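Hi,

Here is the structure I said I would pass on to you. Have a look at it first, and then read my notes underneath.

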Amino acid sequence: MVRPLLIFSCSSPRLTSNFCIQNMAGFLDNIEPLKQTALAEFNVAADLAALEQTKGAWIGPNGRFTALMKQLGTLSKEEKPAAGKLINAAKTELEAALLARREELELKAALPKEPTDFTLPGRRRALGKLHPLTQVADDIVRAFRKIGFAVADGPEIEDEYHCFDALNTPADHPARDSQDTFYLHTTDKRLLRTHTSSVQIRVMAKQPPPVRIIVPGRVYRRDNADATHNPTFHQIEGLYVDKNVTVGDLKGTVEFVFRELMGSDVKIRFRPHYFSYTEPSYEIDFTNALVKKMGKDWLEIAGCGMVHPQVFETVGYDAEVWTGWAFGFGIERIAMLRYGINDIRLFYENDMRFLKQF
Ligand code: DAH
């Protein structure tokens with residue numbers, strides 16, 4: 001490689017200024033050819049390592065171009081500005097060229113080393129799936145939509161009024177107890193809703209009858225987790241208010257939905273029960289081949305009843321004109337039955353081996 005030029009006559013910073021001043025013309029003449037040589041070397045660097053080496057050889061602390069720059073200090077005061085301007089411009093050019101070459105080489109390094117074989121099978125990305133609880137909730141919603149119900153929702157952080165008072169729950173009812181309910185604070189009476197029934201109140205307070213809604217949502221209770229309990233779980237609430245609504249409508253609707261969900265062999269029965277917000281109230285028992293296979297005759301699946309006149313009065317509906325029914329059931333319960341799952345905690349562990357099966 002040809003290494004040109006006078007530069008070596010003046011390359012050491014220790015040389016006296018006198019010597020270099022005499023070489024001012026030489027100094028200027030050297031810039032361009034040196035720069036050209038450096039540019040050429042940057043461009044032939046075959047990879048990033050070679051480029052780094054070349055960079056060091058030119059503009060590193062001991063580089064040839066750096067040496068030239070150091071000579072600037074040996075020039076006289078009058079000569080410095082013009083010479084400085086030239087050499088700085090050259091340096092900027094070198095740095096830009098270095099950057100451009102580095103990008104080129106980086107791109108080259110990132111390219112596959114071997115030719116692509118387009119006949120190989122592609123790599124598939126695993127598709128995500130809906131959580132089984134979401135699938136069941138969606139199916140329930142779909143069944144109710146067919147018969148004209150709309151989805152409503154409400155806050156998970158509730159107050160005592162919507163969760164209990166307006167639902168006609170007596171002040172001393174054990175459900176209010178901190179044993180069962182998560183209160184946010186000892187004095188602040190806000191709480192995590194214990195059931196989706198609170199949304200009945202919110203909807204009725206906001207709109208005049210008729211009402212035909214379902215409310216899927218998360219609820220909270222101070223239960224210890226075991227195979228059949230979890231401190232958070234999911235419910236679906238239903239509310240139907242119109243003129244001349246009967247228990248027969250309730251039974252027909254529940255039967256229709258459970259058959260949609262679990263097959264045509266489903267049978268349901270109503271057992272008298274007590275809820276403060278319905279009168280009369282019932283528990284719904286359910287059976288089909290799956291239940292029989294579990295060795296049981298009936299499985300308790302939901303609570304329901306005819307909306308209590310006191311509830312209507314609280315939300316400002318005329319109980320002499322309007323009648324209605326409501327129900328609520330647990331989504332986990334249905335999902336466990338449907339898929340033969342024996343431990344509710346599996347739904348919340350997010351173990352992919354479990355989730356992938358749905
Ligand atoms: N809220 C009740 C529960 O969490 C379920 C329920 C019962 C809802 C009767 C209703 C109803 O709307 O009418 O156990």
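Below is what I found, starting with the overall layout and then moving to the ligand and a few backbone details.

Before anything else, keep in mind that this is a predicted model. The chain splits into two parts: domain 1 covers 17–110, and domain 2 covers 132–355. If you take the centres over C-alpha atoms, domain 1 and domain 2 are 79 Å apart.

Now for the ligand. It occupies the space that comes out as the largest pocket. Around the ligand there is a shell of 15 residues, and the closest ones are Gln200, Arg221, Gln235, Glu237 and Tyr277. Sorted by class, that shell contains five nonpolar, eight polar and two charged residues.

Which elements should you look at to see the shell? Helix H8 (197–206) gives at least two residues to it, and so do strand E5 (232–242), strand E8 (299–307) and strand E9 (323–330).

Three side chains are worth clicking on here:

- Glu237: one of its polar side-chain atoms is 2.6 Å from an oxygen atom of the ligand.
- Tyr277: a polar side-chain atom sits 2.8 Å from a nitrogen atom of the ligand.
- Ser197: here a polar side-chain atom is 3.0 Å from a nitrogen atom of the ligand.

How much of the ligand does the protein cover? On its own the ligand has 360 Å² of accessible area, and the protein covers 90% of that.

Finally, some backbone spots you might otherwise scroll past. There is a cis peptide bond between Pro209 and Pro210, with omega at about 5°. You will find Pro210 in the loop that runs between H8 and strand E4 (211–220). Another cis peptide bond leads from Glu279 to Pro280, and its omega is near -5°. Pro280 itself belongs to strand E7 (residues 278–287).

The other one to check is Asn168: its phi is positive, near 70°, and it is a residue other than glycine. Look for Asn168 in the loop between helix H7 (160–163) and strand E3 (191–192).

Over to you, and happy browsing!

Notes: Residues numbered from 1 in each chain as written. Predicted model: local features only at pLDDT ≥ 70, side-chain atom pairs only at ≥ 80, totals over all residues. Heavy atoms only, no water. Near = heavy atom within 4 Å. Polar contact = N/O pair within 3.5 Å; in protein donor to acceptor, adjacent residues only side chain to side chain. Areas by Shrake-Rupley, 256 points an atom, 1.4 Å probe, with all protein chains shown as cover. 1 Å grid on protein atoms, 1.4 Å probe; cavity = no way out; pocket = protein on both sides within 12 Å on 5 of 7 lines; lining within 4 Å. Sits in = over half its atoms within 2 Å of the grid points. Helix = DSSP H or I, 4+ residues; strand = E, 2+ residues; numbered from the N terminus. Nonpolar A, V, L, I, M, F, W, Y, C, P; charged D, E, K, R; others polar. Domains from an automatic or database assignment.
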